[in-house]
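Subject: Structure handover

Hello,

Here is the structure we spoke about, with the sequence alongside. My notes follow below.

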Amino acid sequence: MYFTNFPETFISLTVVKTEREKETDNFLSGLAPIEEIVDTNAAWLSRLFFQHGFPLSRRTTVGDQLEALAAEIEHCSLTADIVVVNGGLGPTTDDLTAQAAAIAADSGLEQSDYWVGQMKAKYQALGREMPQTNLKQAMLPEGAELLENPIGTACGFAMKLNRAWIYFTPGVPREFKQMVQQEILPRIQAKFEHTHARECHRFYTFGLSESGIGQKMETLDVPGEYEVGYRSSLPFIEVKLFSSKGHEGAVSLQQQMIELLGDNVVSIECELSQYVGYRLKATQQLLAVNEQFTGGWLANWLQDHPESRHVLKFGWVGGIHEQVSDHLTGVLATAKAAREESGAELALVSGAVTEVGVAVALATPKGEWAQIIQTKRHYENRSHRSVIATVMLDMLRRYLDGKPVIGDYEFLTRVRDVYHPVGQ
């Protein structure tokens, strides 16, 4: 953990892991697997609080058992100054957080008539009548301070218990993040000193292991006022440089790190798909994608950011040209055809997976590049597709940046590659 140097305020995050996501209404910002919510909410909160001078000291995950949850809330109230409890505020019987909080505080529950009115208004705006089960979401521990939720039906609440201020939020990521930024962080800043506000400078690498990154950066002298950390999330490794707020040397030190890692740095301060979107928009080029093995993975990924979403002209899930026997020639022909038929300036293609690997290709106004990629270890299908989709997007990134389109990756083998200049 990066946060042990700053013990002044002890902050705990407790995630209430229920059996499923139970929010049922359209205005609740959508559903996601609970494990994904646990991971993304915790990582996001840790980063935000750290940057504002409130490093997260502890994280726990508790199931939807009333006694265990009440005991955990009481324990956190005795050992932390700030506690954020995330999840378990829905309308169903296994949403037990408010009841557990009341037990921990040795208090009862009381209905917030104000929040009942807010919920009814939200349903009315949708032309629906509020189910009686939602009244449960207006039952708060006696004396708790209500936290507004402008998106969903689960309000949050805050209460002082023992040494801690405890803030309770729903688990839906969009609701959680908005409530933290608008309701919780301002309260924390008003109540606690935050003299250790930090900045995080980050960039993403692809094709290197953590040990490979460490080896390339072993000559780098990192002054004591900085911290370097890594976060591995296949297929990328995110490299983070932490510094005090506004430290003048941080940008220069980050640039040194980027130069040491070379072409394996795929984007800076944003994700690869977002960066490629920026570059395509700046050069006024559109992209077509035809995916066989990756099965729409790349097209879906490009939908994550407006920058990349708006430059994707066409996306297909299909096969390569069957008139040719050579797999590499097939993806080249398919990429060229996809570019011509779509009217896009650029096209990316993935072929089928074979015993020798997966063929991928990029077609551009300057010609076509293709390569067959083989992984050095076994990946399950989902991970394998994400790796190949990243190779495809990295080929495009390299082309847009004027670098060699065919890159080298520590955990991949390039079986064959070919380049056909325009006109050949």
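Which residue stands opposite Ile 237 in strand 11? The residue is Thr 205. Before going further, please keep in mind that this is a predicted model.

The four-stranded sheet

Thr 205 faces Ile 237 where strand 9 (residues 198-205) and strand 11 run antiparallel, a pairing that spans 8 bridges. Strand 11 covers residues 236-244, and 8 of its 9 residues are buried. Strand 10 (residues 227-233) is also an antiparallel partner of strand 11, over 7 bridges. Within that pairing, Tyr 230 has Val 239 of strand 11 as its bridge partner. The two strands, 10 and 11, make a hairpin, and 2 residues lie between them.

Put together, these strands belong to an open sheet of 4 strands with antiparallel pairing, in the order 10-11-9-12. At its edges are strand 10 and strand 12 (265-268), each of which pairs on one side only. From one strand to the next, the twist averages 25 degrees. Helix 7 (residues 250-261) packs on this sheet and touches strand 9, strand 10, strand 11 and strand 12. The direction of helix 7 makes about 15 degrees with that of strand 9.

One residue to look at here is His 201, which lies in strand 9. Is His 201 buried or exposed? His 201 has a relative accessible area of 13%, and the cut-off for buried is under 20%, so His 201 counts as buried. Leaving out residues up to four places away in sequence, His 201 touches Val 239, Lys 240, Leu 241, Ser 243, Ala 250, Gln 254 and Glu 269. The C-alpha atoms of His 201 and Phe 242 are 6.4 Å apart, although 41 residues separate the two in sequence.

The six-stranded sheet

A further open sheet has 6 strands in the order 14-13-15-16-17-18, and its pairing is mixed. Strand 14 (312-317) and strand 18 (412-421) are at the edges; each has a single partner strand, so one side of each has no neighbour in the sheet. Ignoring direction, neighbouring strands of this sheet are turned by 10 degrees against each other on average.

Inside the sheet, strand 15 (residues 346-354) pairs with strand 16 (residues 357-364) in the antiparallel sense, over 6 bridges. Ala 347 is found opposite Ala 363 of strand 16.

Helix 12 (residues 381-400) lies across strand 13 (287-291), strand 15, strand 16, strand 17 (367-375) and strand 18. Helix 12 runs at about 30 degrees to strand 16.

Helix 8 against helix 12

The axes of helix 8 and helix 12 come within 10 Å and cross at roughly 35 degrees. The crossing is left-handed. On the helix 8 side, the contact includes Leu 272, Tyr 275, Val 276 and Leu 280; on the helix 12 side, Thr 390, Leu 393, Leu 396 and Leu 400 are among the residues met. By type, the residues of this contact divide into 7 nonpolar, 3 polar and 3 charged.

The nonpolar cores

In soluble globular proteins, nonpolar side chains tend to be buried together. The largest nonpolar core in this model has 39 residues, and those touching the most other members are Phe 206, Leu 287, Leu 298, Leu 393 and Leu 396. Two or more residues each come from helix 8 (272-283), strand 13, helix 9 (297-301), strand 15, strand 16, strand 17 and helix 12. Helix 12 gives the most, with 10 residues. Not counting residues up to four places away in sequence, Leu 396 touches Val 276, Leu 280, Leu 287, Leu 346, Leu 348 and Leu 362.

Apart from this core lies another one of 32 residues, including Val 62, Leu 69, Met 130 and Ile 166.

A loop residue

Asn 134 is placed in the loop between helix 4 (113-125) and strand 5 (139-141). The relative accessibility of Asn 134 is 3%, so this residue counts as buried. Which residues are in contact with Asn 134, leaving aside its neighbours within four places in sequence? They are Pro 91, Met 119, Tyr 123 and Thr 153.

Regards

Definitions and conventions. Residues numbered from 1 in each chain as written. Predicted model: local features only at pLDDT ≥ 70, side-chain atom pairs only at ≥ 80, totals over all residues. Heavy atoms only, no water. Pairing = 2+ DSSP bridges. Axes fitted to C-alpha atoms, helices over the stretch in contact; angles between N-to-C directions. Contact = heavy atoms within 4.5 Å. Core = buried A, V, L, I, M, F, W, Y, C linked by side-chain atoms within 4.5 Å. Buried < 20%, exposed > 50% of the residue type's maximum accessible area, 1.4 Å probe, protein only. Left-handed = near helix turned anticlockwise from the far one by under 90°. Nonpolar A, V, L, I, M, F, W, Y, C, P; charged D, E, K, R; others polar.
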